[in-house]
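Open the model in your viewer and keep the selection box handy. We'll go stop by stop, with something to pick at each one.

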Amino acid sequence: MPSARQPMVRMSSVTKYFLDVTANNDVNFDLYAGEICALLGENGAGKTTLMNILFGYYACDEGEIFIKGQKADLASPKDAIALGVGMIHQHFALVPSQTVLENIVIGTDTGRGPFLDMKKARRKLLDLEVQFGLQIDPDARVWTLSVGEQQKVEILKALYRDVDILVMDEPTAVLAPAETDDLFKTLKSLVAQGRAVVFISHKLNEVMDISDRVVVLRGGRVVAQRLTAETNVRELANLMVGRDLLEDIAKKPLEPGPPVLEIRNLDALNDRDLPAIKNLHLAVRQNEILGMAGISGNGQRELSEVLFGLRDPVRGSISITGQPLRFGNPSSAINLKMGRIPEDRIGTGLLMDLSVEENMILEDHASTRFQTWGLMKSKRIHRYSDDLIDAYNIATAGRDAVTKSLSGGNLQKVMLARELAGRPAVVIAAQPTRGLDVGAMEYIHQRILQERERGAGILLISEDLDEVFALSDRIVVIYEGEIVGEASGENASREQIGLWMSGVKQ
Ligand SMILES: Nc1ncnc2c1ncn2[C@@H]1O[C@H](COP(=O)(O)OP(=O)(O)OP(=O)(O)O)[C@@H](O)[C@H]1O
Ligand SMILES: [Mg+2]
(Lines give C-alpha, C1' and ligand atoms only; values in the text may rest on other atoms or scores of the structure.)
(Ligands and ions follow the chains in the order given, each with its own letter.)
Protein backbone atom coordinates (compact mmCIF):
# COMPACT_ATOMS: atom_id res chain seq x y z
CA MET A 1 0.00 0.00 0.00
CA PRO A 2 1.48 3.38 -0.91
CA SER A 3 2.59 5.15 2.22
CA ALA A 4 5.34 7.51 1.09
CA ARG A 5 2.87 9.54 -0.95
CA GLN A 6 0.49 11.93 0.70
CA PRO A 7 -3.07 10.60 0.60
CA MET A 8 -5.76 12.69 -1.07
CA VAL A 9 -8.03 11.84 1.84
CA ARG A 10 -7.09 10.91 5.36
CA MET A 11 -9.88 10.14 7.83
CA SER A 12 -8.31 9.75 11.23
CA SER A 13 -9.95 8.06 14.25
CA VAL A 14 -13.43 8.92 13.03
CA THR A 15 -16.30 7.99 15.35
CA LYS A 16 -19.98 8.64 14.74
CA TYR A 17 -22.90 7.90 17.05
CA PHE A 18 -26.61 7.78 16.25
CA LEU A 19 -28.29 7.69 19.66
CA ASP A 20 -27.11 4.34 21.01
CA VAL A 21 -25.68 3.02 17.72
CA THR A 22 -21.97 3.52 17.02
CA ALA A 23 -22.08 3.69 13.24
CA ASN A 24 -18.35 4.38 12.85
CA ASN A 25 -15.89 3.43 15.54
CA ASP A 26 -12.35 4.85 15.49
CA VAL A 27 -12.05 4.48 11.71
CA ASN A 28 -8.81 5.29 9.92
CA PHE A 29 -9.29 5.51 6.17
CA ASP A 30 -6.83 6.79 3.54
CA LEU A 31 -7.47 7.28 -0.16
CA TYR A 32 -4.75 7.87 -2.77
CA ALA A 33 -4.71 9.54 -6.16
CA GLY A 34 -5.03 7.05 -8.99
CA GLU A 35 -6.79 4.32 -7.05
CA ILE A 36 -10.23 2.79 -6.87
CA CYS A 37 -10.78 1.73 -3.29
CA ALA A 38 -13.71 -0.58 -2.54
CA LEU A 39 -15.46 -0.14 0.77
CA LEU A 40 -17.10 -3.38 1.90
CA GLY A 41 -19.19 -4.52 4.81
CA GLU A 42 -22.45 -6.13 5.83
CA ASN A 43 -25.70 -4.17 5.82
CA GLY A 44 -25.38 -1.67 8.65
CA ALA A 45 -21.57 -1.89 8.87
CA GLY A 46 -21.22 1.88 8.51
CA LYS A 47 -20.10 2.38 4.89
CA THR A 48 -22.63 5.02 3.87
CA THR A 49 -22.24 6.86 7.16
CA LEU A 50 -18.44 7.08 6.77
CA MET A 51 -18.74 8.48 3.27
CA ASN A 52 -21.52 10.85 4.29
CA ILE A 53 -19.06 12.26 6.82
CA LEU A 54 -16.44 12.74 4.10
CA PHE A 55 -19.10 14.44 1.98
CA GLY A 56 -19.96 16.87 4.78
CA TYR A 57 -23.44 15.47 5.18
CA TYR A 58 -22.89 14.35 8.77
CA ALA A 59 -20.39 15.74 11.27
CA CYS A 60 -18.32 13.12 13.08
CA ASP A 61 -18.38 13.06 16.87
CA GLU A 62 -14.67 12.34 17.14
CA GLY A 63 -11.76 12.32 14.71
CA GLU A 64 -10.31 14.49 11.96
CA ILE A 65 -10.41 14.67 8.19
CA PHE A 66 -7.59 15.85 5.95
CA ILE A 67 -8.10 16.51 2.26
CA LYS A 68 -4.97 16.92 0.15
CA GLY A 69 -2.96 17.49 3.29
CA GLN A 70 -5.18 20.22 4.73
CA LYS A 71 -7.39 19.71 7.75
CA ALA A 72 -10.95 19.96 6.52
CA ASP A 73 -13.88 21.38 8.43
CA LEU A 74 -16.88 20.14 6.53
CA ALA A 75 -20.08 21.83 7.62
CA SER A 76 -22.04 20.78 4.53
CA PRO A 77 -21.67 19.02 1.16
CA LYS A 78 -20.93 22.44 -0.30
CA ASP A 79 -17.68 22.56 1.68
CA ALA A 80 -16.80 19.04 0.57
CA ILE A 81 -17.45 19.83 -3.11
CA ALA A 82 -15.29 22.95 -2.83
CA LEU A 83 -12.46 20.70 -1.65
CA GLY A 84 -13.04 18.30 -4.56
CA VAL A 85 -15.18 15.61 -2.93
CA GLY A 86 -18.27 14.39 -4.79
CA MET A 87 -20.67 11.66 -3.75
CA ILE A 88 -23.27 9.90 -5.84
CA HIS A 89 -25.98 8.32 -3.77
CA GLN A 90 -27.99 5.34 -4.84
CA HIS A 91 -31.07 7.47 -5.20
CA PHE A 92 -30.25 10.23 -7.62
CA ALA A 93 -31.00 13.85 -6.90
CA LEU A 94 -31.83 15.06 -10.42
CA VAL A 95 -34.80 17.18 -11.48
CA PRO A 96 -36.74 14.94 -13.92
CA SER A 97 -38.48 17.72 -15.85
CA GLN A 98 -35.27 19.61 -16.63
CA THR A 99 -32.64 18.90 -19.25
CA VAL A 100 -29.27 17.27 -18.67
CA LEU A 101 -27.47 20.60 -19.08
CA GLU A 102 -29.84 22.42 -16.71
CA ASN A 103 -29.41 19.73 -14.09
CA ILE A 104 -25.67 19.98 -14.37
CA VAL A 105 -25.33 23.74 -14.06
CA ILE A 106 -27.83 24.15 -11.20
CA GLY A 107 -26.04 25.80 -8.32
CA THR A 108 -22.83 26.61 -10.18
CA ASP A 109 -21.68 30.10 -11.12
CA THR A 110 -20.57 29.50 -14.68
CA GLY A 111 -20.49 32.80 -16.54
CA ARG A 112 -20.76 36.46 -15.87
CA GLY A 113 -22.36 38.05 -12.87
CA PRO A 114 -25.67 36.57 -11.91
CA PHE A 115 -26.30 35.18 -15.39
CA LEU A 116 -25.27 31.71 -16.45
CA ASP A 117 -23.31 31.56 -19.65
CA MET A 118 -25.10 28.54 -21.08
CA LYS A 119 -22.92 28.45 -24.18
CA LYS A 120 -19.81 28.15 -22.10
CA ALA A 121 -21.49 25.62 -19.83
CA ARG A 122 -22.50 23.50 -22.82
CA ARG A 123 -18.96 23.59 -24.18
CA LYS A 124 -17.51 22.54 -20.85
CA LEU A 125 -20.05 19.71 -20.57
CA LEU A 126 -19.36 18.44 -24.09
CA ASP A 127 -15.60 18.52 -23.38
CA LEU A 128 -16.13 16.40 -20.28
CA GLU A 129 -18.34 13.98 -22.21
CA VAL A 130 -15.56 13.44 -24.75
CA GLN A 131 -12.83 13.26 -22.13
CA PHE A 132 -14.57 10.52 -20.13
CA GLY A 133 -16.59 8.77 -22.85
CA LEU A 134 -19.89 9.70 -21.21
CA GLN A 135 -22.01 10.43 -24.27
CA ILE A 136 -25.33 11.98 -23.42
CA ASP A 137 -27.54 14.58 -25.14
CA PRO A 138 -27.30 17.84 -23.12
CA ASP A 139 -30.85 18.75 -24.17
CA ALA A 140 -32.54 15.48 -23.23
CA ARG A 141 -35.02 15.77 -20.37
CA VAL A 142 -33.88 13.68 -17.44
CA TRP A 143 -37.17 11.77 -17.12
CA THR A 144 -36.64 10.26 -20.56
CA LEU A 145 -33.27 8.76 -19.58
CA SER A 146 -32.63 5.23 -18.36
CA VAL A 147 -31.23 4.68 -14.89
CA GLY A 148 -27.78 4.11 -16.36
CA GLU A 149 -27.95 7.37 -18.30
CA GLN A 150 -29.11 9.26 -15.22
CA GLN A 151 -26.11 7.94 -13.40
CA LYS A 152 -23.90 9.33 -16.18
CA VAL A 153 -25.52 12.71 -15.61
CA GLU A 154 -24.70 12.47 -11.90
CA ILE A 155 -21.07 11.68 -12.70
CA LEU A 156 -20.88 14.54 -15.20
CA LYS A 157 -22.43 16.83 -12.61
CA ALA A 158 -19.65 15.96 -10.17
CA LEU A 159 -16.92 16.32 -12.81
CA TYR A 160 -18.38 19.66 -13.89
CA ARG A 161 -17.68 20.84 -10.34
CA ASP A 162 -14.04 19.75 -10.73
CA VAL A 163 -14.37 16.95 -8.24
CA ASP A 164 -11.28 14.77 -8.03
CA ILE A 165 -12.45 12.48 -5.24
CA LEU A 166 -15.56 10.59 -6.22
CA VAL A 167 -17.60 8.37 -3.90
CA MET A 168 -20.11 5.99 -5.47
CA ASP A 169 -22.54 4.29 -3.08
CA GLU A 170 -23.70 0.99 -4.64
CA PRO A 171 -23.66 2.39 -8.17
CA THR A 172 -24.25 -0.91 -9.94
CA ALA A 173 -27.23 -2.13 -7.89
CA VAL A 174 -29.60 -0.71 -10.51
CA LEU A 175 -27.52 -1.11 -13.68
CA ALA A 176 -27.77 -3.60 -16.53
CA PRO A 177 -24.60 -5.61 -17.27
CA ALA A 178 -23.65 -3.47 -20.27
CA GLU A 179 -24.20 -0.27 -18.27
CA THR A 180 -21.95 -1.62 -15.54
CA ASP A 181 -19.21 -2.22 -18.11
CA ASP A 182 -19.55 1.39 -19.27
CA LEU A 183 -19.40 2.69 -15.72
CA PHE A 184 -16.24 0.70 -15.04
CA LYS A 185 -14.56 2.14 -18.12
CA THR A 186 -15.43 5.63 -16.89
CA LEU A 187 -14.10 4.95 -13.41
CA LYS A 188 -10.85 3.56 -14.84
CA SER A 189 -10.35 6.66 -16.97
CA LEU A 190 -11.06 8.88 -13.96
CA VAL A 191 -8.30 7.33 -11.89
CA ALA A 192 -5.95 7.10 -14.88
CA GLN A 193 -6.14 10.90 -14.87
CA GLY A 194 -5.11 11.15 -11.23
CA ARG A 195 -8.47 11.19 -9.53
CA ALA A 196 -9.51 8.81 -6.75
CA VAL A 197 -12.67 6.75 -6.40
CA VAL A 198 -14.40 5.07 -3.46
CA PHE A 199 -16.63 2.26 -4.66
CA ILE A 200 -19.22 0.77 -2.29
CA SER A 201 -20.75 -2.51 -3.42
CA HIS A 202 -22.08 -5.85 -2.21
CA LYS A 203 -21.17 -7.51 -5.49
CA LEU A 204 -17.84 -9.10 -4.74
CA ASN A 205 -17.08 -10.16 -8.31
CA GLU A 206 -17.34 -6.53 -9.37
CA VAL A 207 -15.13 -5.47 -6.52
CA MET A 208 -12.49 -7.94 -7.73
CA ASP A 209 -12.81 -6.57 -11.28
CA ILE A 210 -12.70 -2.86 -10.63
CA SER A 211 -10.86 -2.05 -7.40
CA ASP A 212 -7.18 -1.68 -6.57
CA ARG A 213 -7.63 -1.96 -2.84
CA VAL A 214 -10.33 -3.11 -0.44
CA VAL A 215 -11.23 -1.84 3.02
CA VAL A 216 -13.67 -3.92 5.07
CA LEU A 217 -15.88 -2.52 7.81
CA ARG A 218 -17.65 -4.62 10.40
CA GLY A 219 -19.76 -3.17 13.19
CA GLY A 220 -18.44 0.32 12.38
CA ARG A 221 -14.75 -0.67 12.63
CA VAL A 222 -12.16 -1.30 9.95
CA VAL A 223 -11.45 -5.02 10.30
CA ALA A 224 -9.25 -5.60 7.25
CA GLN A 225 -7.52 -4.00 4.28
CA ARG A 226 -6.25 -5.87 1.24
CA LEU A 227 -4.76 -5.18 -2.14
CA THR A 228 -7.33 -6.58 -4.54
CA ALA A 229 -4.64 -8.54 -6.37
CA GLU A 230 -3.85 -10.37 -3.14
CA THR A 231 -7.34 -11.47 -2.15
CA ASN A 232 -10.35 -13.33 -3.57
CA VAL A 233 -14.14 -13.37 -3.34
CA ARG A 234 -14.14 -16.05 -0.70
CA GLU A 235 -11.79 -14.23 1.63
CA LEU A 236 -13.69 -10.97 1.20
CA ALA A 237 -17.01 -12.64 2.03
CA ASN A 238 -15.45 -14.19 5.08
CA LEU A 239 -13.95 -10.87 6.23
CA MET A 240 -17.31 -9.15 5.84
CA VAL A 241 -19.51 -11.58 7.71
CA GLY A 242 -16.91 -13.13 9.99
CA ARG A 243 -17.58 -16.70 8.84
CA ASP A 244 -17.29 -18.90 5.78
CA LEU A 245 -20.19 -18.82 3.38
CA LEU A 246 -21.41 -22.00 1.76
CA GLU A 247 -19.62 -22.12 -1.53
CA ASP A 248 -22.33 -23.53 -3.71
CA ILE A 249 -26.02 -23.58 -3.20
CA ALA A 250 -27.14 -27.18 -2.79
CA LYS A 251 -30.22 -27.63 -4.91
CA LYS A 252 -32.07 -30.93 -4.72
CA PRO A 253 -33.24 -32.37 -8.03
CA LEU A 254 -37.04 -32.26 -7.96
CA GLU A 255 -39.70 -33.20 -10.47
CA PRO A 256 -42.04 -30.21 -10.81
CA GLY A 257 -45.73 -30.88 -10.13
CA PRO A 258 -48.88 -29.33 -11.62
CA PRO A 259 -48.98 -25.59 -12.32
CA VAL A 260 -49.74 -23.43 -9.28
CA LEU A 261 -49.55 -20.06 -11.03
CA GLU A 262 -50.93 -19.51 -14.53
CA ILE A 263 -50.91 -16.22 -16.36
CA ARG A 264 -52.78 -15.99 -19.66
CA ASN A 265 -52.91 -13.25 -22.32
CA LEU A 266 -51.97 -10.57 -19.84
CA ASP A 267 -51.80 -6.95 -21.02
CA ALA A 268 -51.13 -4.09 -18.64
CA LEU A 269 -50.23 -0.42 -18.88
CA ASN A 270 -47.59 1.50 -16.96
CA ASP A 271 -48.08 4.77 -15.04
CA ARG A 272 -47.87 6.74 -18.27
CA ASP A 273 -50.60 4.58 -19.84
CA LEU A 274 -48.17 2.97 -22.25
CA PRO A 275 -48.17 -0.81 -22.76
CA ALA A 276 -45.93 -2.39 -20.12
CA ILE A 277 -46.98 -6.06 -20.37
CA LYS A 278 -47.87 -7.48 -23.77
CA ASN A 279 -49.81 -10.71 -24.12
CA LEU A 280 -47.85 -12.49 -21.42
CA HIS A 281 -48.23 -16.24 -20.94
CA LEU A 282 -46.55 -17.98 -18.06
CA ALA A 283 -46.95 -21.01 -15.83
CA VAL A 284 -45.05 -21.85 -12.67
CA ARG A 285 -45.32 -25.38 -11.31
CA GLN A 286 -45.14 -26.92 -7.88
CA ASN A 287 -41.55 -27.47 -6.68
CA GLU A 288 -40.28 -25.17 -9.39
CA ILE A 289 -38.40 -21.88 -9.43
CA LEU A 290 -39.05 -19.91 -12.59
CA GLY A 291 -36.45 -17.17 -12.92
CA MET A 292 -37.49 -14.09 -14.85
CA ALA A 293 -34.39 -12.22 -16.00
CA GLY A 294 -34.47 -8.79 -17.59
CA ILE A 295 -33.16 -5.28 -17.37
CA SER A 296 -35.10 -3.10 -14.99
CA GLY A 297 -37.98 -1.21 -16.59
CA ASN A 298 -39.12 -3.93 -18.97
CA GLY A 299 -42.45 -4.60 -17.25
CA GLN A 300 -41.28 -6.47 -14.17
CA ARG A 301 -42.65 -3.89 -11.75
CA GLU A 302 -46.04 -3.73 -13.47
CA LEU A 303 -46.27 -7.53 -13.58
CA SER A 304 -45.70 -7.88 -9.86
CA GLU A 305 -48.15 -5.06 -9.17
CA VAL A 306 -50.83 -6.89 -11.14
CA LEU A 307 -50.05 -10.10 -9.26
CA PHE A 308 -50.14 -8.35 -5.89
CA GLY A 309 -53.51 -6.73 -6.63
CA LEU A 310 -52.09 -3.21 -6.90
CA ARG A 311 -52.67 -2.65 -10.61
CA ASP A 312 -55.58 -3.63 -12.87
CA PRO A 313 -54.56 -5.27 -16.13
CA VAL A 314 -56.17 -4.34 -19.45
CA ARG A 315 -56.80 -7.93 -20.41
CA GLY A 316 -55.97 -11.48 -19.38
CA SER A 317 -56.41 -13.85 -16.49
CA ILE A 318 -54.35 -15.22 -13.65
CA SER A 319 -55.08 -18.28 -11.58
CA ILE A 320 -53.49 -19.68 -8.48
CA THR A 321 -53.87 -23.42 -7.87
CA GLY A 322 -56.70 -23.30 -10.39
CA GLN A 323 -58.63 -20.46 -8.69
CA PRO A 324 -59.01 -17.12 -10.44
CA LEU A 325 -57.14 -14.18 -8.93
CA ARG A 326 -59.36 -11.12 -8.48
CA PHE A 327 -57.61 -8.08 -9.86
CA GLY A 328 -57.06 -4.85 -7.97
CA ASN A 329 -57.64 -6.62 -4.69
CA PRO A 330 -54.63 -7.42 -2.50
CA SER A 331 -56.61 -9.69 -0.18
CA SER A 332 -57.49 -11.97 -3.10
CA ALA A 333 -53.79 -12.72 -3.50
CA ILE A 334 -53.41 -13.34 0.23
CA ASN A 335 -56.49 -15.58 0.39
CA LEU A 336 -55.24 -17.68 -2.51
CA LYS A 337 -52.00 -18.23 -0.58
CA MET A 338 -49.63 -16.07 -2.54
CA GLY A 339 -46.46 -15.09 -0.70
CA ARG A 340 -45.54 -11.59 -1.82
CA ILE A 341 -42.03 -10.22 -1.67
CA PRO A 342 -42.24 -6.83 -3.39
CA GLU A 343 -39.31 -5.04 -4.95
CA ASP A 344 -39.98 -1.92 -2.93
CA ARG A 345 -39.98 -3.28 0.61
CA ILE A 346 -40.11 0.18 2.18
CA GLY A 347 -42.82 1.60 -0.06
CA THR A 348 -45.19 -1.33 -0.34
CA GLY A 349 -43.99 -4.19 1.82
CA LEU A 350 -43.62 -2.88 5.34
CA LEU A 351 -45.11 -0.09 7.42
CA MET A 352 -41.97 1.56 8.68
CA ASP A 353 -43.52 3.39 11.62
CA LEU A 354 -45.13 0.29 13.10
CA SER A 355 -43.31 -2.22 15.29
CA VAL A 356 -41.68 -5.37 13.99
CA GLU A 357 -44.47 -7.41 15.58
CA GLU A 358 -47.22 -5.35 13.98
CA ASN A 359 -45.64 -5.88 10.58
CA MET A 360 -45.39 -9.60 11.20
CA ILE A 361 -49.12 -10.02 11.79
CA LEU A 362 -50.18 -7.32 9.33
CA GLU A 363 -52.00 -9.58 6.90
CA ASP A 364 -53.33 -11.92 9.54
CA HIS A 365 -54.36 -9.58 12.33
CA ALA A 366 -58.06 -10.12 11.74
CA SER A 367 -57.91 -13.92 11.74
CA THR A 368 -59.22 -15.84 14.73
CA ARG A 369 -55.70 -17.04 15.25
CA PHE A 370 -54.84 -13.65 16.68
CA GLN A 371 -58.16 -12.22 17.90
CA THR A 372 -61.63 -13.15 19.15
CA TRP A 373 -64.41 -10.59 18.95
CA GLY A 374 -61.89 -7.83 18.42
CA LEU A 375 -59.82 -8.74 21.45
CA MET A 376 -56.23 -9.36 20.40
CA LYS A 377 -54.60 -12.48 21.77
CA SER A 378 -51.47 -10.62 22.85
CA LYS A 379 -49.64 -13.52 24.41
CA ARG A 380 -50.05 -15.62 21.31
CA ILE A 381 -49.00 -12.73 19.08
CA HIS A 382 -45.91 -12.08 21.19
CA ARG A 383 -44.91 -15.74 21.09
CA TYR A 384 -45.51 -15.84 17.35
CA SER A 385 -43.31 -12.82 16.64
CA ASP A 386 -40.57 -13.91 19.04
CA ASP A 387 -40.46 -17.28 17.27
CA LEU A 388 -40.12 -15.63 13.86
CA ILE A 389 -37.42 -13.23 15.09
CA ASP A 390 -35.56 -16.29 16.37
CA ALA A 391 -36.08 -18.47 13.33
CA TYR A 392 -34.97 -15.81 10.88
CA ASN A 393 -32.24 -14.49 13.15
CA ILE A 394 -33.51 -10.92 12.77
CA ALA A 395 -31.19 -8.36 14.34
CA THR A 396 -33.51 -6.05 16.25
CA ALA A 397 -33.89 -4.68 19.76
CA GLY A 398 -37.07 -6.80 19.98
CA ARG A 399 -40.59 -7.29 18.65
CA ASP A 400 -41.55 -3.81 19.88
CA ALA A 401 -38.75 -2.04 18.01
CA VAL A 402 -39.94 0.40 15.36
CA THR A 403 -39.43 -1.19 11.95
CA LYS A 404 -37.51 1.71 10.42
CA SER A 405 -34.67 1.14 12.88
CA LEU A 406 -33.75 -2.13 11.10
CA SER A 407 -31.02 -2.39 8.46
CA GLY A 408 -31.84 -3.38 4.86
CA GLY A 409 -31.11 -7.07 5.30
CA ASN A 410 -33.20 -7.32 8.43
CA LEU A 411 -36.15 -5.52 6.84
CA GLN A 412 -36.08 -8.13 4.10
CA LYS A 413 -36.06 -10.90 6.70
CA VAL A 414 -39.16 -9.46 8.44
CA MET A 415 -40.94 -9.49 5.13
CA LEU A 416 -39.93 -13.06 4.34
CA ALA A 417 -40.90 -14.22 7.80
CA ARG A 418 -44.39 -12.78 7.38
CA GLU A 419 -44.96 -13.88 3.80
CA LEU A 420 -43.66 -17.44 4.16
CA ALA A 421 -45.29 -18.14 7.53
CA GLY A 422 -48.60 -18.97 5.83
CA ARG A 423 -46.94 -21.74 3.75
CA PRO A 424 -47.84 -20.10 0.44
CA ALA A 425 -48.66 -22.15 -2.67
CA VAL A 426 -47.00 -19.53 -4.85
CA VAL A 427 -44.24 -17.10 -3.98
CA ILE A 428 -43.62 -13.99 -6.06
CA ALA A 429 -40.15 -12.78 -5.16
CA ALA A 430 -39.28 -9.48 -6.86
CA GLN A 431 -35.61 -8.48 -6.54
CA PRO A 432 -35.52 -10.32 -3.19
CA THR A 433 -31.86 -9.60 -2.44
CA ARG A 434 -31.27 -6.20 -4.01
CA GLY A 435 -28.90 -4.21 -1.82
CA LEU A 436 -28.37 -7.05 0.63
CA ASP A 437 -24.98 -8.19 1.86
CA VAL A 438 -23.63 -11.62 1.00
CA GLY A 439 -24.64 -13.18 4.31
CA ALA A 440 -28.25 -12.01 4.12
CA MET A 441 -28.36 -12.98 0.46
CA GLU A 442 -27.22 -16.53 1.19
CA TYR A 443 -29.88 -16.84 3.87
CA ILE A 444 -32.67 -15.65 1.61
CA HIS A 445 -31.57 -17.94 -1.21
CA GLN A 446 -31.70 -20.88 1.16
CA ARG A 447 -35.18 -19.94 2.33
CA ILE A 448 -36.40 -19.70 -1.27
CA LEU A 449 -34.97 -23.16 -1.99
CA GLN A 450 -36.68 -24.53 1.12
CA GLU A 451 -39.99 -23.20 -0.15
CA ARG A 452 -39.36 -24.99 -3.44
CA GLU A 453 -38.71 -28.24 -1.61
CA ARG A 454 -41.81 -27.77 0.51
CA GLY A 455 -43.86 -27.65 -2.69
CA ALA A 456 -44.34 -23.98 -3.50
CA GLY A 457 -43.94 -22.65 -7.01
CA ILE A 458 -41.73 -19.58 -7.10
CA LEU A 459 -41.61 -16.78 -9.62
CA LEU A 460 -38.24 -15.13 -9.08
CA ILE A 461 -38.12 -11.75 -10.80
CA SER A 462 -34.52 -10.57 -10.69
CA GLU A 463 -32.04 -8.37 -12.47
CA ASP A 464 -29.19 -10.21 -10.82
CA LEU A 465 -28.08 -12.88 -13.29
CA ASP A 466 -25.97 -14.69 -10.71
CA GLU A 467 -29.08 -15.10 -8.60
CA VAL A 468 -31.24 -16.22 -11.54
CA PHE A 469 -28.65 -18.82 -12.56
CA ALA A 470 -28.06 -20.10 -9.04
CA LEU A 471 -31.72 -20.69 -8.18
CA SER A 472 -33.81 -21.26 -11.29
CA ASP A 473 -35.12 -24.52 -12.70
CA ARG A 474 -36.25 -22.63 -15.77
CA ILE A 475 -35.37 -19.14 -17.01
CA VAL A 476 -37.45 -16.73 -19.08
CA VAL A 477 -36.31 -13.31 -20.23
CA ILE A 478 -38.64 -10.33 -20.32
CA TYR A 479 -37.98 -7.48 -22.73
CA GLU A 480 -40.35 -4.57 -23.32
CA GLY A 481 -43.15 -6.49 -21.63
CA GLU A 482 -42.75 -9.67 -23.67
CA ILE A 483 -41.11 -13.00 -22.99
CA VAL A 484 -38.39 -13.09 -25.63
CA GLY A 485 -36.68 -16.35 -24.67
CA GLU A 486 -36.84 -19.39 -22.45
CA ALA A 487 -34.20 -21.90 -21.38
CA SER A 488 -33.82 -24.62 -18.79
CA GLY A 489 -31.82 -23.60 -15.72
CA GLU A 490 -29.14 -26.17 -16.47
CA ASN A 491 -28.54 -25.46 -20.14
CA ALA A 492 -28.91 -21.71 -20.24
CA SER A 493 -25.81 -19.80 -21.30
CA ARG A 494 -25.05 -16.36 -19.97
CA GLU A 495 -24.31 -15.04 -23.44
CA GLN A 496 -27.70 -16.19 -24.70
CA ILE A 497 -29.60 -14.75 -21.75
CA GLY A 498 -27.64 -11.50 -22.10
CA LEU A 499 -28.63 -11.26 -25.78
CA TRP A 500 -32.30 -11.80 -24.97
CA MET A 501 -32.07 -9.18 -22.26
CA SER A 502 -30.96 -6.67 -24.85
CA GLY A 503 -33.95 -7.50 -27.03
CA VAL A 504 -32.62 -10.10 -29.47
CA LYS A 505 -35.47 -12.60 -29.84
CA GLN A 506 -35.23 -16.37 -29.68
N1 LIG B 1 -29.74 8.79 10.20
C2 LIG B 1 -29.59 7.74 11.02
N3 LIG B 1 -30.22 7.69 12.21
C4 LIG B 1 -30.05 6.63 13.04
N5 LIG B 1 -29.28 5.56 12.77
C6 LIG B 1 -28.63 5.55 11.59
C7 LIG B 1 -28.75 6.63 10.65
N8 LIG B 1 -27.99 6.34 9.56
C9 LIG B 1 -27.43 5.14 9.81
N10 LIG B 1 -27.80 4.66 11.03
C11 LIG B 1 -27.34 3.40 11.64
O12 LIG B 1 -25.93 3.37 11.55
C13 LIG B 1 -25.47 2.06 11.20
C14 LIG B 1 -24.63 2.14 9.94
O15 LIG B 1 -25.50 2.43 8.85
P16 LIG B 1 -24.98 2.65 7.35
O17 LIG B 1 -26.14 3.16 6.59
O18 LIG B 1 -23.75 3.47 7.37
O19 LIG B 1 -24.64 1.16 6.93
P20 LIG B 1 -24.13 0.60 5.51
O21 LIG B 1 -22.83 -0.10 5.76
O22 LIG B 1 -24.14 1.66 4.49
O23 LIG B 1 -25.25 -0.53 5.22
P24 LIG B 1 -25.99 -0.98 3.83
O25 LIG B 1 -25.09 -2.00 3.19
O26 LIG B 1 -27.27 -1.64 4.31
O27 LIG B 1 -26.22 0.24 3.01
C28 LIG B 1 -26.71 1.19 11.11
O29 LIG B 1 -26.89 0.54 12.35
C30 LIG B 1 -27.82 2.17 10.86
O31 LIG B 1 -29.06 1.67 11.36
MG1 LIG C 1 -25.28 2.00 2.70
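Start with helix α9, and select Gln300, Arg301, Glu302, Leu303, Ser304, Glu305, Val306, Leu307 and Phe308: these α9 residues are buried. That makes 9 of the 9 residues of α9 (residues 300-308), so the helix is largely enclosed by the rest of the structure. Step on to Gly309, which follows α9 and has a positive phi, near 85 degrees. Keep in mind as you go that this is a predicted model.

**The two domains**

Now colour by domain. The assignment gives domain 1 as 9-241 and domain 2 as 259-350 + 424-501. Draw a line between their C-alpha centres and you get 33 Å. Where they meet, 14 residues of domain 1 are in contact with 11 residues of domain 2. Pick helix α8 (residues 233-241) here, as α8 gives the most to the side of domain 1 that touches domain 2, with 3 residues. Coloured by class, that side of domain 1 shows 9 nonpolar, 3 polar and 2 charged residues.

**The big core**

Which residues touch the most other members of the largest nonpolar core? Select Leu54, Val85 and Leu460; the core they belong to has 132 residues. Helix α14 (residues 408-421) gives the most to this core, with 6 residues. Domain 1 and domain 2 both give residues to the core, so it lies between them.

Stay on Leu54 for a moment. Setting aside residues up to four places away in sequence, Leu54 touches Val9, Met11, Ile65, Ala80, Val85 and Val167. Show those side chains together with Leu54 to see this patch of contacts.

**Ligand 1**

Next, centre on ligand 1. It is surrounded by 14 residues, and the closest are Phe18, Ala23, Asn43, Thr48 and Thr49. Which elements each supply at least two residues of this shell? Highlight β2 (21-31) and α1 (47-54). Of the two, give α1 a colour of its own, since the largest share of the shell, 3 residues, comes from α1. Sorted by class, the shell around ligand 1 has 8 polar, 4 nonpolar and 2 charged residues.

**Strands at the start of domain 1**

Switch to cartoon and select β1 (residues 9-18) with β4 (residues 62-67). The two strands run antiparallel and are joined by 5 bridges. For one of these, click Arg10: its bridge partner in β4 is Phe66. Phe66 also takes you onward, as its bridge partner in β5 is Lys71. β4 pairs with β5 (residues 70-71) over 2 bridges, again in the antiparallel sense. The hairpin of β4 and β5 has 2 residues between the strands, and Lys68 there takes a positive phi near 50 degrees.

**More positive phi values**

Most residues other than glycine have a negative phi. With that in mind, go to Asp162, a residue other than glycine whose phi is positive, near 60 degrees. Asp162 is in the loop between α5 (147-160) and β7 (165-169). Is Asp162 buried or exposed? Asp162 counts as exposed, because it has 10 C-beta neighbours inside 10 Å.

Then jump along to Glu480, where phi is again positive for a residue other than glycine, near 45 degrees. Look for Glu480 in the loop between β21 (474-479) and β22 (482-488). With 15 C-beta neighbours inside 10 Å, Glu480 counts as partly exposed.

**A link across the chain**

Select Phe184, which sits in helix α6 (residues 177-192). Phe184 is partly exposed, with 17 other C-beta atoms within 10 Å. What is Phe184 in contact with, leaving aside its neighbours within four places in sequence? The answer is Asp209 and Ile210. Put a distance label on the C-alpha atoms of Phe184 and Ile210: they are separated by 6.7 Å, and the residues are 26 apart along the chain.

**Last stop: an open sheet**

Finish with the 4 strands that form an open sheet, in the order β12-β11-β14-β15, with antiparallel pairing. β12 (275-285) and β15 (323-324) stand at the edges with a single partner strand each, so one side of each is left without a neighbour in the sheet. Zoom in on β11 (residues 259-269) and β12, which pair over 7 bridges. To see a pair, select Leu261 and its bridge partner in β12, Val284.

Conventions: Residues are numbered from 1 along each chain as its sequence is written. Chains are lettered from A and ligands numbered from 1 in the order in which they are written. This is a predicted model: local features need pLDDT of at least 70, side-chain atom pairs count only at pLDDT 80 or more; totals for chains, interfaces and linings use all residues. Two strands pair if DSSP finds at least two bridges between them. A residue is buried if 20 or more other C-beta atoms lie within 10 Å of its own, exposed if 12 or fewer, and partly exposed in between; C-beta atoms are placed from the backbone. A residue is near a molecule or strand if its C-beta atom, placed from the backbone, lies within 6 Å of it. Ala, Val, Leu, Ile, Met, Phe, Trp, Tyr, Cys and Pro count as nonpolar, Asp, Glu, Lys and Arg as charged, and the others, Gly among them, as polar. A nonpolar core is a set of buried Ala, Val, Leu, Ile, Met, Phe, Trp, Tyr and Cys residues joined through C-beta atoms within 7 Å. Domain bounds come from an automatic or database domain assignment. Two residues are in contact if their C-beta atoms, placed from the backbone, lie within 7 Å.
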